[in-house]
Amino acid sequence: MSPRRWLLADQLGPHFLDDDQQPVLLVEVSDLFRRRRLHRQKAHLILSALRHRAAELGDRAVLLRTATFREALAAVDGPVEVCHPSTRSARDFVRSVPGLTVLPPRGFVTDRADFADWADRPRRGPLRMVDFYRYAKRRHGVLTGPGPADRGRGTPQGRTLDVPPPPPIVEDDIDAGVRADLDRWERDGVRFVGRDAPRSHPATAGEAEDRLAHFLRYRLPAFGRYGDVMSAEDPVLAHGMLSAAFNLGLLDPAVAVSRAEAAWRSGDAPLASVEAFVRGVLGWREFLWQLYWYVDPPYRGTGWLAATEPLPQWFEDLDADAVEARCLADVLAGVRDRAWAHHAQRLLVLGNHALQRGWRPTELVDWFQRSFVDGAEWVMNTTVLGMSQYADLARVDTRPYAVDGRYIDEISDYCTGCRYQPDRELGDLACPYTGGFAAFLHRNRERLVGDPRLAAELAARDDPEFREAVLAQEEKRGSNPP
């Protein structure tokens with residue numbers, strides 16, 4: 001008898017099955033939604049994706065709704081197998097189930113053994129993504145050899161992008177059933193964060209393929225120019241909003257990388273744009289996944305910087321209306337309304353503010369996991385702790401991801417019309433990011449003087465009167481909405 005493949009909620013693409021006949025198990029455990037306050041749209045997407053996959057597979061699939069995963073597995077006759085889960089807790093659980101076969105991981109390009117072989121090589125310093133990316137490109141033969149001469153495409157000016165909208169997501173009876181269930185759960189006391197809205201992220205491999213094709217044709221050519229730009233006029237710009245589809249397992253990253261490379265070789269996208277996209281998928285995404293498993297569990301939060309303040313309630317509740325700083329209000333509203341923001345908004349606005357205010361990194365990790373439609377433990381644990389909050393003894397990045405309002409002004413249109421002035425560090429009009437950056441440097445000066453760039457920033461702010469004034473100002477501002 002062929003084993004039944006248990007597809008977890010982040011293993012829903014066709015590449016998690018071996019053939020078109022394999023029987024499948026899918027499980028919904030409602031208690032998982034009661035334990036943590038998830039974004040309403042994230043909960044909807046997970047349930048919609050599970051139920052759509054069951055509908056696609058028809059009689060091949062069994063969809064069980066139980067109190068626990070163990071209860072579901074006990075109700076299945078015959079052998080069951082599962083691909084390696086994406087969290088340590090899930091891995092420990094599947095290993096504890098008698099008779100459940102655990103297969104190697106899928107949905108990533110680099111093998112765990114290959115990463116360990118690379119990581120264990122003698123090196124002068126910590127593991128760095130840039131070094132891993134070079135290795136991965138060589139290992140998988142990506143973007144090697146000569147390509148076409150760039151024709152100047154993908155370098156439009158300004159901060160808006162004139163491209164057709166992506167293929168719409170059309171909700172169906174499955175989505176209606178999910179929404180009715182979530183409404184009922186809320187009446188029964190389950191609490192969510194964020195606003196409900198029509199589903200805007202793919203829940204099927206077909207929807208994800210349509211979004212990927214649109215991105216490769218219309219947005220990839222400008223991704224190199226717009227990848228780090230932030231705009232209140234266009235929150236998406238050149239981004240494909242594909243991260244949730246990757247993390248649900250609906251898209252195969254190896255296929256996406258290959259098709260992006262093909263766009264470069266055919267002359268449809270410049271190398272800078274393709275390189276930026278491939279670096280995100282083959283570089284950062286793979287590096288974060290591998291590092292999650294390679295580094296011991298104590299990696300989760302070491303408190304290296306002075307970060308002991310709890311997350312304030314307005315931030316927990318995504319209360320963008322309480323915020324006057326235009327950048328933070330806009331990005332927080334995007335999380336509230338779409339459960340999504342692109343990487344520059346996450347790092348330079350959300351994470352940067354938390355870092356400057358000294359909020360507890362582990363609480364911020366949990367907030368990102370719950371509030372973002374693509375929030376996954378293996379992503380957020382490494383990205384938020386290591387890159388955004390610099391709380392991992394510099395295992396991921398060499399310096400804190402802290403910038404002032406002047407830098408935000410350079411790469412966004414947020415400062416236009418904002419009540420704060422990005423070049424002011426003191427006074428009623430002082431930008432909370434500019435004053436906050438100065439206070440962050442002074443609070444952590446003993447830990448940061450070893451970084452030449454930050455040492456220069458500190459030296460420029462060495463006046464004792466200024467130091468005391470900015471520290472007093474930002475202490476008074478505290479964690480209140482700016």
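**Exercise 1. The surroundings of helix H19**

The buried residues of H19 are covered by elements that include helix H14 (326–338), helix H15 (343–357), helix H18 (405–410), helix H20 (445–448), helix H21 (452–459) and helix H22 (464–477). The model is a predicted one. Determine which residues of H19 are buried, and state how far apart its end C-alpha atoms are.

*Solution.*

Step 1. Helix H19 covers residues 432–443, and its twelve residues should span 16 Å at 1.5 Å a residue. The end C-alpha atoms are 16 Å apart, which agrees with that expectation.

Step 2. Take as buried any residue under 20% relative accessible area. The buried residues of H19 are then Pro432, Tyr433, Thr434, Gly435, Gly436, Phe437, Ala438, Ala439, Phe440, Leu441 and His442.

Step 3. Eleven of the twelve residues of H19 are buried, so the helix is largely enclosed by the rest of the structure.

**Exercise 2. Two of the covering helices, H14 and H15**

Describe the geometry of the pair H14 and H15, and list the residues that make the contact.

*Solution.*

Step 1. The axes of H14 and H15 cross at roughly 110° and come within 10 Å. Angles from 65 to 115 degrees count as roughly perpendicular, and H14 is therefore roughly perpendicular to H15.

Step 2. On the H14 side, the contact is made by Cys327, Leu328, Asp330, Val331, Leu332 and Val335. The H15 side contributes Gln345, Val349, Leu350 and His353.

Step 3. Sorted by class, the residues of this contact are seven nonpolar, two polar and one charged.

**Exercise 3. Arg461, a loop residue**

Establish where Arg461 is placed, whether it is buried or exposed, and which residues it touches.

*Solution.*

Step 1. Arg461 belongs to the loop between H21 and H22.

Step 2. Its relative accessible area is 6%, so Arg461 is buried.

Step 3. Leaving aside residues up to four places away in sequence, Arg461 touches Asp404, Arg406, Glu425, Phe437, Ala438, Leu441, His442 and Phe466. Among the buried residues of H19 are Phe437, Ala438, Leu441 and His442.

Step 4. Arg461 and Arg70 are 391 residues apart in sequence, and their C-alpha atoms are 58 Å apart in space.

**Exercise 4. Helix H6 and its contact with H12**

Identify the buried residues of H6, then describe how H6 crosses H12.

*Solution.*

Step 1. Helix H6 comprises residues 129–140. Its twelve residues should span 16 Å at 1.5 Å a residue, and the end C-alpha atoms are 16 Å apart, which agrees. Just after H6, Gly141 takes a positive phi of about 65°.

Step 2. Met129, Phe132, Tyr133, Tyr135, Ala136 and Lys137 are buried in H6. These buried residues pack against helix H5 (112–119) and H12.

Step 3. Helix H12 comprises residues 271–294, and its axis comes within 9 Å of that of H6, with a crossing of roughly 105°. H6 and H12 are therefore roughly perpendicular to each other.

Step 4. From H6, Met129, Phe132, Tyr133, Ala136, Lys137 and His140 meet Glu275, Val278, Arg279, Leu282, Gly283, Trp284, Glu286 and Phe287 in H12. The contact has eight nonpolar, two polar and four charged residues.

Step 5. Gln290 is also found in H12. With a relative accessible area of 1%, Gln290 is buried. Gln290 touches Thr110, Asp111, Arg112 and Phe115, residues up to four places away in sequence not being counted.

**Exercise 5. The crossing of H8 and H11**

At what angle do the axes of H8 and H11 cross, and which residues meet?

*Solution.*

Step 1. The axes of helix H8 (residues 205–219) and helix H11 (residues 253–265) cross at roughly 25° and come within 11 Å. Angles under 35 degrees count as roughly parallel, and H8 and H11 are therefore roughly parallel to each other.

Step 2. The crossing of H8 past H11 is right-handed.

Step 3. Glu209, Leu212, Ala213 and Leu216 in H8 meet Ala256, Arg259 and Ala260 in H11. The residues of this contact divide into five nonpolar, no polar and two charged.

**Exercise 6. Positive phi in the loop between H9 and H10**

Give the phi values of Leu237 and Met241, and decide for each whether it is buried or exposed.

*Solution.*

Step 1. Leu237 lies in the loop between helix H9 (223–226) and helix H10 (243–247). Met241 is placed in the loop between H9 and H10.

Step 2. Leu237 has a phi near 50°, a positive value in a residue other than glycine. Met241, although not a glycine, has a positive phi of about 50°.

Step 3. Leu237 counts as buried at 0% relative accessibility, and Met241 counts as buried at 12%.

Definitions and conventions: Residues numbered from 1 in each chain as written. Predicted model: local features only at pLDDT ≥ 70, side-chain atom pairs only at ≥ 80, totals over all residues. Heavy atoms only, no water. Axes fitted to C-alpha atoms, helices over the stretch in contact; angles between N-to-C directions. Helix = DSSP H or I, 4+ residues; strand = E, 2+ residues; numbered from the N terminus. Parallel < 35°, antiparallel > 145°, perpendicular 65-115°, else oblique. Left-handed = near helix turned anticlockwise from the far one by under 90°. Contact = heavy atoms within 4.5 Å. Nonpolar A, V, L, I, M, F, W, Y, C, P; charged D, E, K, R; others polar. Expected span 1.5 Å × (residues − 1). Buried < 20%, exposed > 50% of the residue type's maximum accessible area, 1.4 Å probe, protein only.
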